[in-house]
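Student: I should like to work through this structure step by step. May we begin once it is displayed?

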Amino acid sequence: MKTIYRNLLFLIFLFLIVTFFQKMPDSSAVPENLQYLYQIWFHSYEEQKNHAEPIAIYRPEGFKEFPPSRFRMKYLFKEDGSCQWLVLHPADAHYLKSGTWEVSRDETQVILIYNQQHNLQRSFRIIEIQKDLLRIESIVFLPEESPENK
């Protein structure tokens, strides 16, 4: 009887430990080399082999001189969680919008960008990040899947 009781307590303890660790944030959700994100990134669409491919290539400011373009997406990520991104304007009066960014708690390698009212504006998965290369894939959340609703 003592053995059954001990085994039962062990199983309950094991169940509680497993449940606890499932709810803990996954450290793998923080992208490797995240410190490289803290700079200004420009969309280098000339490097993309197939423009229909969902993975976009970004290069840091000063990496190379880009050819003229009517619009080139730009992101600025700061270590304090603030960010800016270039907004396309129909009259070519593009402007920078300020907000915040964070690593998603639910998805590995996902960056969420919010406006100043904390509404989700953009989200993407980091495919690769190096000092001079950022490859991302845009993610579109359905309203019920949005991190804001969790």
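Student: What percentage of the 150 residues of the protein count as buried?

Tutor: The model before us is a predicted one. A residue counts as buried when its relative accessible area is under 20%. Of the 150 residues of the protein, the share that meets this condition is 33%.

Student: How much of the accessible surface belongs to carbon and sulfur atoms?

Tutor: The accessible surface of the protein amounts to about 10,400 Å². Of this surface, the part that belongs to carbon and sulfur atoms is 56%.

Student: Which pattern does the protein follow along the sequence?

Tutor: The protein contains one helix and eight strands. Read along the sequence, these elements give the pattern α-β-β-β-β-β-β-β-β.

Student: What percentage of the contacts between residues at least 6 apart in sequence join residues at least 24 apart?

Tutor: Here one considers the contacts in the protein between residues at least 6 apart in sequence. Among these, the share joining residues at least 24 apart is 42%.

Student: Is Arg 72 buried or exposed?

Tutor: Arg 72 is found in the loop between strand E2 (55-60) and strand E3 (74-77). Its relative accessibility is 10%, and the limit for a buried residue is under 20%. Arg 72 therefore counts as buried.

Student: With which side chain does the side chain of Arg 72 make a polar contact?

Tutor: Leaving aside neighbours within four places in sequence, the residues in contact with Arg 72 include Phe 42, His 43, Phe 66, Leu 86 and Glu 46. One side chain makes a polar contact with that of Arg 72, at 2.7 Å: the side chain of Glu 46.

Student: How many residues apart in sequence are the parts that the pair of Tyr 58 and Tyr 75 ties together?

Tutor: The whole structure holds seven aromatic pairs. One of them joins Tyr 58 and Tyr 75, a tilted pair with 5.6 Å centre to centre and 50 degrees between the planes. Tyr 58 belongs to strand E2 and Tyr 75 to strand E3, so the parts tied together are 17 residues apart in sequence.

Student: Is the aromatic pair of Tyr 75 and Phe 77 stacked or tilted?

Tutor: Tyr 75 and Phe 77 are both buried. Their rings lie 5.6 Å apart, centre to centre, with 20 degrees between the planes. Planes under 30 degrees apart count as stacked, so the pair is stacked.

Student: Which residues form one aromatic cluster?

Tutor: Tyr 58 and Tyr 75, both buried, belong to this cluster. Its full membership is Tyr 38, Tyr 58, Tyr 75, Phe 77, Trp 101 and Phe 124.

Technical notes. Residues numbered from 1 in each chain as written. Predicted model: local features only at pLDDT ≥ 70, side-chain atom pairs only at ≥ 80, totals over all residues. Heavy atoms only, no water. Helix = DSSP H or I, 4+ residues; strand = E, 2+ residues; numbered from the N terminus. Buried < 20%, exposed > 50% of the residue type's maximum accessible area, 1.4 Å probe, protein only. Contact = heavy atoms within 4.5 Å. Areas by Shrake-Rupley, 256 points an atom, 1.4 Å probe, with all protein chains shown as cover. Polar contact = N/O pair within 3.5 Å; in protein donor to acceptor, adjacent residues only side chain to side chain. Phe/Tyr/Trp six-rings, centres within 6.5 Å; stacked < 30°, edge-to-face > 60°.
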